[in-house]
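I opened this notebook to record what I looked up about the enclosed spaces and one helix pair, and the entries follow the order of my checks.

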Amino acid sequence: MAAINLPRIIRVGGGALAELPEALAQCEVSRPFIVTDAFLVSSGIVATLLAVLDKAGIDAIVFADTVPDPTVAVIEAALEALRAADCDCVIGFGGGSPIDTAKAIAALAVEPRPVQSMKAPATTDVPGLPIVAVPTTAGTGSEATKFTIVTDEASSEKMLCAGLAFLPTVAIVDFELTMGKPARLTADTGIDSLTHAIEAYVSKKANAFSDAMALSAMKLIAPAIRTACNEPGNRAAREAMMVGAHHAGIAFSNASVALVHGMSRPVGAFFHVPHGLSNAMLLPAVTAFSAPAALARYADCARAMGVASADEGDQAAVARLLEELAALNADLSVPSPRSHGISEARWFEVVPEMARQALASGSPGNNPRVPDAAEIERLYAEAFG
């Protein structure tokens with residue numbers, strides 16, 4: 001038996017943003033608090049959102065002070081602004097950081113408590129304000145998940161927070177919002193999505209429903225990611241990446257992620273590496289470590305990605321998967337931590353604490369091959385390059 005949780009309303013397709021007012025009306029809300037970032041305001045994309053709402057006679061309050069890897073301080077500032085605004089729903093508009101911020105404040109607005117109290121293994125299921133998620137990148141899948149990530153700046157820890165309170169009520173999945181995004185952002189968010197799909201499929205919590213979504217995501221993302229990076233205006237590639245990211249989000253929300261994500265979060269917390277990029281740095285080494293414990297599952301991933309044929313044996317298919325992950329990193333110019341400019345001395349200084357945080361998150365326990373702290377430290381050393 002598997003418990004499946006999805007947003008109540010999902011609108012998918014080019015131009016879906018125009019249907020936002022109708023989706024709000026379905027939820028009987030009309031005073032949105034928009035959580036976004038300064039770049040999306042300066043680039044004019046937030047103005048497009050506001051024009052859609054204004055045309056429907058909907059006034060909105062905009063909070064644009066989110067930061068990459070949202071911190072406790074930012075959550076508290078956004079929550080204070082939300083309380084002063086008298087709004088009845090929260091719209092997360094942007095990448096994972098604005099949407100994660102929106103999720104956290106929507107829950108805390110109804111059930112006030114310290115942000116740190118939501119950290120896993122705690123589960124936050126009490127419904128908060130309705131959450132409307134409108135992603136502008138094809139990556140996090142946060143519009144479909146029951147998770148949010150908040151960085152505790154006091155401890156340099158990326159806290160995984162889980163529960164139905166964080167599951168958006170409405171998801172607007174409009175690939176046109178990703179058109180023209182730069183190659184680096186497209187690559188990092190795309191590999192994040194691919195990692196979601198692979199980890200959901202090999203997770204110990206995988207089920208028939210999450211399997212279908214994960215395989216669909218891999219079939220969509222793998223053939224499109226290089227095209228989307230090299231041809232930012234390619235509509236077909238952008239649509240495949242956006243729908244694939246959404247399916248991957250549904251998959252891992254209902255099956256969980258595993259070791260790559262468990263190890264990736266501390267890298268982001270300590271070195272401020274974008275989440276998708278830290279996933280990419282770790283994915284080949286972690287896959288090689290994990291594959292012997294789930295050979296058939298990883299072989300299925302290779303076949304879904306189109307890098308192995310249906311008649312190839314599992315061992316050969318996994319070898320092709322490992323080759324493809326390395327080639328993808330090379331083609332998308334993914335650096336190692338060393339070539340990203342991270343100090344070797346600082347990296348190895350914090351490796352034990354990163355390993356501790358990775359294990360404490362619980363994600364490594366979903367991995368086909370569950371590592372101990374020493375194995376995680378070895379994988380960090382291998383990824384450093």
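Before sorting any lining, I fixed the classes: Ala, Val, Leu, Ile, Met, Phe, Trp, Tyr, Cys and Pro count as nonpolar, Asp, Glu, Lys and Arg as charged, and the others, Gly among them, as polar. I also note at the outset that I am reading a predicted model.

**Entry 1, cavities.** I looked for enclosed spaces and found that the structure holds three cavities of 30 Å³ or more. I then took up two of these, beginning with the largest cavity, which contains about 70 Å³ of space.

**Entry 2, the largest cavity.** I listed its lining as Thr 137, Ala 138, Thr 178, Lys 181, Leu 185, Thr 186, Thr 189, Gly 190, Arg 238 and Met 241. When I sorted these residues by class, I obtained three nonpolar, five polar and two charged. I next asked which helices each supply at least two residues of this lining, and I found helix 6, spanning 183-202, and helix 8, spanning 235-253. Of the contributors, helix 6 gives the most to the lining of the largest cavity, with four residues.

**Entry 3, the second largest cavity.** I recorded about 50 Å³ of space in the second largest cavity. Its lining has 13 residues, of which Pro 135, Thr 137, Gly 139, Gly 141 and Glu 143 are the closest to its centre. Two or more residues of the lining come from helix 5 (96-110), and likewise from helix 8. I noted helix 8 as giving the most here, with three residues. Sorted by class, the lining of the second largest cavity divides into four nonpolar, eight polar and one charged.

**Entry 4, helix 7 against helix 8.** Having met helix 8 in both linings, I turned to its packing with helix 7, residues 208-230, and read an angle of about 150 degrees with the axes 7 Å apart. Angles over 145 degrees count as roughly antiparallel, and the two helices are therefore roughly antiparallel to each other. I recorded the crossing of helix 7 past helix 8 as left-handed. On the helix 7 side, the residues that make the contact include Phe 209, Met 213, Leu 220, Ile 221 and Ile 225, while among those from helix 8 are Arg 238, Met 241, Val 243, His 247 and Ile 250. By class, I counted the residues of this contact as 17 nonpolar, five polar and one charged.

**Entry 5, cross-check.** I went back to Arg 238 and Met 241, which line the largest cavity and also belong to the helix 8 side of the contact with helix 7. I likewise marked Thr 137, which appears in the lining of the largest cavity and is listed with the residues closest to the centre of the second largest cavity.

Terms used
Residues numbered from 1 in each chain as written. Predicted model: local features only at pLDDT ≥ 70, side-chain atom pairs only at ≥ 80, totals over all residues. Heavy atoms only, no water. 1 Å grid on protein atoms, 1.4 Å probe; cavity = no way out; pocket = protein on both sides within 12 Å on 5 of 7 lines; lining within 4 Å. Points joined across faces, edges and corners; volume = space filled by probe spheres on them. Axes fitted to C-alpha atoms, helices over the stretch in contact; angles between N-to-C directions. Parallel < 35°, antiparallel > 145°, perpendicular 65-115°, else oblique. Left-handed = near helix turned anticlockwise from the far one by under 90°. Contact = heavy atoms within 4.5 Å.
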